[in-house]
Amino acid sequence: MKRILLMLTLGYSVMTHAEEWRTIKTDNFRVHYPAELKEWAHSASTELEIVRSKVLEQQARALPTIADVVVYDPANMANGFALPSTDSPLMALFATPPQSDTVISNQDSWQQLLILHEYIHLVHLSQPSRNKWRQKLRDLHDVSDVIMAVMPRWVAEGYATLLESRLTGRGRLHDNYSEAILRYYAQQGALLPYSKLNNGDDSYLSGSMAYILGVRFLAWLEDNYGAQTLDAVWTRAQAVKSRDFEEAFSGVFRDSPATLYKRFVAEYTYKAMQSQYQQPPKLDKLWMRFDHGARDVQLSPNKKQFLVVESSKDDEISLKVYETSEDEKAKERFLEAQEKLLEADSKDITDTAPEVFPRKHVMSLPESNHRGILHPQWLDEQHVLFVAKTRLGNGQYVNDLFQWDLETDQVTKLTEKAGLRRFTIRSDTSVIAEVAKNGVSYLADINLTTGEQQPLFTPSLGTLFDHPVMDPTHSQLAFVAKDLNQAWRLEVYDFASEQVKKLLAPEGSQFLASPTWSDDGSEIYFVAGVKGNLEVYRYQFARQQLSKWQSRQLVVRQILPQPEGLLYSFVTPQGVRINEATELNWVAVTARTDPSQVARQPALPAKLPEAEIFPEQYHSAPYDPLQQASTLTLSEQFNSASVHSLSVGLKGQDFLQTLAWQVGADLDVFDGDYAGYYAGLRYKSGQWQTKLTGNYAEIDLMDQQQSVLLGVKETSALELSTEYRWLGDKYSFTPYLSGVSLDNGVDTYNGGVIGGKGAWSYDTHASALALSATAERWLGDMEGYRYGADLHAKLWQVPIWLDVDSRYMQSGGLTLGGVNLSSNEVTRRYDMVTESMLPFSFATGRKYLGYGVATSANSKAGSPKLFYRQHQVDSEVVAQTYGVSIEMRLSLGWAEQFAPAGLSDLKLDTGLGRVESDLFENENRVWFNVWYEL
């Protein structure tokens with residue numbers, strides 16, 4: 001019966017999964033995609049082969065095996081990643097294109113740039129080692145394979161960015177926005193030191209420097225020492241002689257990368273300062289200072305308040321409302337403080353008044369559950385519309401429109417799975433938005449009552465849109481757009497005539513952002529990038545004249561026209577600032593260009609051809625989960641209270657991890673106290689999951705200190721389970737059924753389990769509340785139940801965890817103690833309560849109750865927790881434990897759901913602490929457990 005049930009479940013899963021995903025096989029790639037991204041994926045399949053041939057021509061390198069590529073759209077944003085491996089290389093391509101005001105907007109097509117960047121990662125990092133023994137180890141074990149491929153982040157990202165630019169003549173090396181940032185940072189003496197180049201420091205935008213600064217350092221190396229010298233580093237890194245990056249680099253450059261980086265920074269800073277001295281920028285009055293990130297500034301209709309989305313160094317995001325008028329009370333408080341200083345010490349020297357006092361903060365809306373807050377707009381004086389992410393049932397995210405009522409502080413969701421980004425308000429019931437769905441960007445009129453979308457133009461993969469802005473009369477719409485192989489352009493659409501007017505851009509421009517109408521609609525302002533500077537421009541419709549404002553040499557991001565001048569926001573290493581300019585010197589621009597005339601730098605001979613949206617060239621077939629890859633698995637468990645074992649096994653799965661399996665053994669190779677064996681099979685299809693798991697173990701309890709049982713204990717367990725997961729925006733609920741057979745060496749229990757798991761969370765960074773609960777009813781021979789609950793709260797950045805676990809088995813047989821192992825996965829779900837600080841079978845009984853409390857410096861996964869836990873067996877407190885621990889799933893982030901078998905399903909539990917009990921003398925304990933669990 002169990003075999004029939006399993007076959008039926010797997011058969012249903014295969015059929016449902018086959019309908020959702022398909023695979024395209026080319027000569028060198030397997031491209032997996034959901035049905036809705038068919039056009040994007042087929043075009044990408046052709047582009048992949050073109051990119052491979054051009055990289056091979058330039059590098060004389062290619063991947064040693066066929067690469068798996070997944071095309072999907074998990075977060076409604078532009079991104080991608082690669083996981084290097086000599087036998088299982090993979091890359092992921094996010095279909096949503098970038099917006100115009102990003103460092104990745106300078107490209108012929110998003111698809112081409114993304115494929116080129118991620119493929120360079122694989123070719124650069126997945127080359128086999130010429131040391132045969134090191135390569136054998138890489139072939140044998142997924143973990144060692146990836147670890148040996150790793151290079152410093154700035155090297156990996158910088159080199160992929162270098163080739164993305166060298167092979168296209170565009171990209172981030174030639175990007176005006178990137179260049180403007182670095183030039184200004186250099187003028188402020190704020191370029192990162194070499195030690196911070198990988199991950200940045202606390203300065204604003206420093207996390208991006210591995211890309212935009214790393215690429216310029218590598219380009220400088222090529223320009224000064226030759227491309228072949230830099231290329232020799234990658235050859236040396238895979239030599240028979242073992243070398244890390246530093247050794248491979250120093251051997252050909254005669255100096256360390258840190259030393260040459262200092263020289264590069266000095267030269268770059270010198271050139272940046274020269275440009276500043278040649279044309280000293282005019283200084284405007286500082287209007288507002290932000291501590292870190294700030295974007296999407298919007299003045300209220302009556303100009304008395306403004307909105308801004310702020311972000312902190314810790315990535316806390318909130319939508320804030322400020323008054324536009326100066327805060328006179330802040331000035332008074334400052335002056336009073338200075339008077340008190342002099343009263344206390346008449347010879348003291350008072351503080352210099354700040355250049356600007358902060359505007360008065362009115363109210364805030366914090367980000368909820370890491371969904372982001374984007375592109376806020378005033379609907380009226382009391383209501384604000386903004387974009388945030390909605391979590392879908394498959395765990396992915398899509399952008400939707402929300403309304404914030406300032407009077408009640410309530411948030412209402414207005415759309416469902418809309419996929420919109422920037423928008424402009426057309427009326428009380430509709431907005432014009434740029435929609436990004438299935439890789440296509442288009443402008444649509446969205447009805448806020450019905451959610452219906454009406455595209456303004458025919459959607460196409462080859463055309464991108466951004467920055468829709470309605471004029472004051474609501475008769476014209478300004479927006480920016482881009483076609484393949486072209487630059488971003490500014491256009492105006494007239495609703496009455498349904499005609500589009502293209503406005504010529506400054507000659508050589510390549511970055512376009514922040515179109516903004518004047519109050520009377522006669523002019524439109526925007527930011528454009530030319531020759532590494534971001535400049536402010538104005539187009540006057542009556543005169544059909546384009547003018548440029550006197551250069552400030554600042555990284556200008558947004559313009560807010562005022563009756564007496566301009567407000568403009570700009571980037572600094574310390575955070576975003578807003579200046580007020582009242583003296584506006586406009587100079588007519590005569591050198592204008594059509595956007596098809598792209599500002600492109602010289603490229604290498606192996607230059608990529610012009611980007612295209614390619615038609616179907618390769619056959620696609622239903623995704624096949626039986627295409628399996630396997631690996632050796634190794635892990636270790638050390639517990640001073642019980643065993644020191646090594647785990648050896650085989651683990652396999654398909655690329656999408658639909659069908660996964662593992663077999664192996666946990667063996668105490670030091671004392672022989674434990675021998676366990678396990679096998680597992682898991683099938684996932686959408687929200688369904690089915691598992692068959694079997695465990696067998698022999699435990700010598702004679703050497704288990706404080707164990708209440710003696711002799712060799714044999715246990716075995718078999719479980720067949722199936723579950724379905726409902727996933728909402730803030731909650732999840734998973735009902736499940738299981739058939740279980742347990743043998744504890746004395747009695748055998750056969751029965752079934754019916755239960756469910758539920759979770760709800762609300763997280764705003766500063767505060768959070770999350771609750772998860774489990775309830776099971778055990779039927780048959782193992783008559784009983786299990787209830788559990790976990791509460792996570794965070795107040796004023798201090799996280800607290802509370803948990804409780806209650807179990808009851810009518811016939812007895814519950815045991816307390818022992819470590820989490822692959823070979824006791826089923827047993828610990830039911831009749832075995834693991835506790836790493838206690839030996840196996842420390843206590844037995846019918847009823848168990850355990851509860852604990854923990855706290856940490858932060859809520860991030862992997863942070864050490866201070867904990868206390870109490871264990872009761874048959875209503876008697878048998879042990880109390882406390883100490884410091886780390887418990888987490890070892891995850892690769894976005895790559896986790898596609899990672900090779902040896903890099904998925906890994907868990908870690910480690911720590912040190914003290915155990916107290918009336919049954920033995922109190923002792924200190926230490927443990928380190930890493931294991932695989934399907």
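**Exercise 1. Find how much surface the chain exposes and which atoms supply 52% of it.**

Solution. The chain exposes about 39,500 Å², and carbon and sulfur atoms supply 52% of that area. Accessible areas come from the Shrake-Rupley method with a 1.4 Å probe, and for residues only the protein chains shown count as cover.

Before going on, a word about the model: it is predicted, so local features need pLDDT of at least 70 and side-chain atom pairs count only at pLDDT 80 or more, while totals for chains, interfaces and linings use all residues. Residues are numbered from 1 along each chain as its sequence is written, and side-chain values use heavy atoms, with hydrogens and water left out.

**Exercise 2. Compare the radius of gyration of the chain with that of a compact globule.**

Solution. Start with the rule: 2.2 Å times the number of residues to the power 0.38, with the radius taken over C-alpha atoms. For 934 residues this gives a value near 30 Å; the chain has 31 Å, which agrees. Next, look at the extent: the C-alpha trace spans about 95 × 70 × 65 Å along its principal axes. Finally, 57% of the 934 residues count as buried (under 20% relative accessible area; exposed is over 50% and partly exposed lies in between, with a 1.4 Å probe and protein chains only).

**Exercise 3. Count the helices and strands of the chain.**

Solution. There are 13 helices and 53 strands. Both are DSSP runs numbered from the N terminus: helices are H or I with at least four residues, strands are E with at least two.

**Exercise 4. Classify the ring pair of tyrosine 72 and phenylalanine 94.**

Solution. A pair of aromatic rings is described by the distance of the centres and the angle of the planes. Rings of Phe, Tyr and Trp (its six-membered ring) pair if their centres lie within 6.5 Å; planes under 30 degrees apart count as stacked, over 60 as edge-to-face and the rest as tilted. The whole structure holds 50 aromatic pairs. In this one, the ring centres of tyrosine 72 and phenylalanine 94 are 5.3 Å apart and the planes stand at 85°, so the pair is edge-to-face. Now place the partners: tyrosine 72 is in strand S3 (residues 67–72) and phenylalanine 94 in strand S5 (residues 90–94), so the pair ties together parts 22 residues apart in sequence. Tyrosine 72 is buried at 2% relative accessibility, and phenylalanine 94 is buried at 0%.

For practice, try tyrosine 568 and phenylalanine 570: with 5.9 Å from centre to centre and 40° between the planes, that pair is tilted. Tyrosine 568 and phenylalanine 570 are both buried.

**Exercise 5. Describe the surroundings of histidine 42.**

Solution. First, histidine 42 sits in helix H2 (residues 38–59). Second, its relative accessibility is 3%, so histidine 42 counts as buried. Third, leaving aside residues up to four places away in sequence, histidine 42 touches Ile24, Tyr33, Phe614, Pro615, Glu616, Tyr618 and Ser620. A contact means heavy atoms within 4.5 Å.

**Exercise 6. Locate asparagine 369 and asparagine 485 and give phi for each.**

Solution. Asparagine 369 belongs to the loop between strand S10 (361–366) and strand S11 (374–380), and its phi is near 55°, a positive value in a residue other than glycine. Asparagine 485 belongs to the loop between strand S20 (476–483) and strand S21 (489–494), with phi near 65°, again positive in a residue other than glycine. At 11% relative accessibility, asparagine 369 counts as buried; asparagine 485, at 11%, is buried too.
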